[in-house]
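Here are some notes for a first look at this structure. Please read them with the model open.

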Protein chains: 2
Amino acid sequence: MEKLNTEIRQKQIKKAVLQIISTKGLGKLSTRNLADKVGVTEGALFRHFKSKRDIMLSIIDDVKNDLLEQMKKIADSNLKANVKLLKFLCAHVRYLIKNKGITILLFSEATYMDDKEMKKRLFDILSFQKNYVKKIIKEGIDDGLWNKKINADNVAVLYMGIPITLNIELILNRKEFKQENFCRKMFGLLERVLK
Amino acid sequence: MEKLNTEIRQKQIKKAVLQIISTKGLGKLSTRNLADKVGVTEGALFRHFKSKRDIMLSIIDDVKNDLLEQMKKIADSNLKANVKLLKFLCAHVRYLIKNKGITILLFSEATYMDDKEMKKRLFDILSFQKNYVKKIIKEGIDDGLWNKKINADNVAVLYMGIPITLNIELILNRKEFKQENFCRKMFGLLERVLK
DNA sequence: TATTTTTGTAAGTAAGTGATTACATAACTA
DNA sequence: TAGTTATGTAATCACTTACTTACAAAAATA
């Protein structure tokens, strides 16, 4: 029996979690199945995480770090606001497709468990995203690119609907989703709102 | 022990399901808790539904009948397309708030169980909604109310983001959601897209 | 009113849950 | 190389799950 350090095992465990929930569903994510997937016994799992809930919280933190870091870079870049918003949306969409709607699966878990802390962390992620969008829109308005009368907050709400709807579609109807130019099309509509 | 007919019991059971999942979360929706809530034993539950899954499927059908019927009436009415779309969106939003995000909770259940049939029925509900919106938008275009060049399908996708985002917010952050004029604000943005 | 049908209960079932225990051994350190 | 620590296992914990069974009694029907 090979022995690996906690850091490596934690990564393996979290990877296995994502594999299970995206292939067999959250309902099959038992510590039993998870241990089998990793190739260890259940006891080993609890050597590296203090609880199953802790594993899930750690995954939420990973999403926060990965996705929000990408977004921050784009939002803080020196591009023009319209280019920035398009790039932002496309990066957002790409992440969701690549990760098979992971955020919404985490949402389902939080809802299922009625876990306040998990819900709070997920809400935080959404809030961060929305604020980045708001910032970009305000920049565009200040630069005279977009209409001064539009309310950045409301448009940010409208924006958020795009990735969230995509998420839902990816889960409910994984196969039929046609992604060609999805982000460009949606960006086109957002621009009509902003102009 | 009072004995009620299946029809009445089924309604009681489904009502109890909604109470449990909107107060204690899906994870607490066991047949044990459900029977307690209804005030019968577990055995009685299985007299009126053949399985727990059957109860959930029946609730999905109720949502389909209730919500989609309201929507059909509005979509088929003789109002002008802009009035119609506003009314449609506000009715949609009102239903979700009143039912505390029931649709997304059903989504979580379907995801959790990885239940194909449940997913399909939920996707159907979304598709119906989207098609009603598409129909209204096309009417508005034909009447010269809105721009001929806009793609009704894409706008319908954008529309769907509004109730879905609302749903998510209702679950993640029930208290802080401020609903005053929410549907009017969002309608204002949709009109900018359409004009 | 006598009989059948429907609706209820109490007590189970087998299977699964997250987590813990006592113990073993690989890997690191002095 | 000897001793310590980190990482593993196998077995089991107490508890929950959806669902079933054998039986009782209320309600509907004749």
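1. Which residue of chain B forms a salt bridge with A:K130? The partner is B:E169, and the closest N and O atoms are 3.5 Å apart. A salt bridge here is a side-chain nitrogen of Lys or Arg within 4 Å of a carboxyl oxygen of Asp or Glu. The count between chain A and chain B is two.

2. A word on the basis. This is a predicted model, where local features need pLDDT of at least 70, side-chain atom pairs count only at pLDDT 80 or more, and totals for chains, interfaces and linings use all residues. Residues are numbered from 1 along each chain as its sequence is written, chains are lettered from A and ligands numbered from 1 in the order in which they are written, and side-chain values use heavy atoms, with hydrogens and water left out.

3. Next, the symmetry. Chain A superposes on chain B by a rotation of 180° with 0.0 Å of shift along the axis, at RMSD 0.1 Å (least squares on the C-alpha atoms of residues with pLDDT of at least 70 in both copies). That is the relation of a two-fold axis. In chain A, A:G161 has the C-alpha nearest the axis, 1.8 Å away.

4. Each chain gives 44 residues to the contact (heavy atoms within 4.5 Å). About 4,000 Å² is buried between chain A and chain B, 70% of it on carbon and sulfur atoms; this is the accessible area (1.4 Å probe) lost on being put together, summed over both parts. In chain A, the most area is lost by A:Y112, A:L172 and A:R192, together 20% of what that side buries.

5. Eleven residue pairs are in polar contact across this interface, both residues at pLDDT 80 or more (N or O atoms within 3.5 Å; within protein, one able to donate a hydrogen and the other to accept it, with sequence neighbours counted only if both atoms are side-chain atoms). On the side of chain A that touches chain B, α8(A) gives the most, with 13 residues.

6. Now DNA strand C. Of the 23 residues around the strand, A:K3, A:R32, B:K3, B:R9 and B:H48 come nearest (a heavy atom within 4 Å counts as near). Sugar and phosphate make up 58% of the strand's atoms that come within 4 Å of the protein.

7. Phosphate oxygens of DNA strand C have partners on both chains. A side-chain N or O atom of B:H48 lies 2.3 Å from one, and a polar side-chain atom of A:K52 lies 2.7 Å from one.

Notes:
Buried area is the accessible area (1.4 Å probe) that two parts lose on being put together, summed over both. Helices (H or I, at least four residues) and strands (E, at least two) are DSSP runs, numbered from the N terminus.
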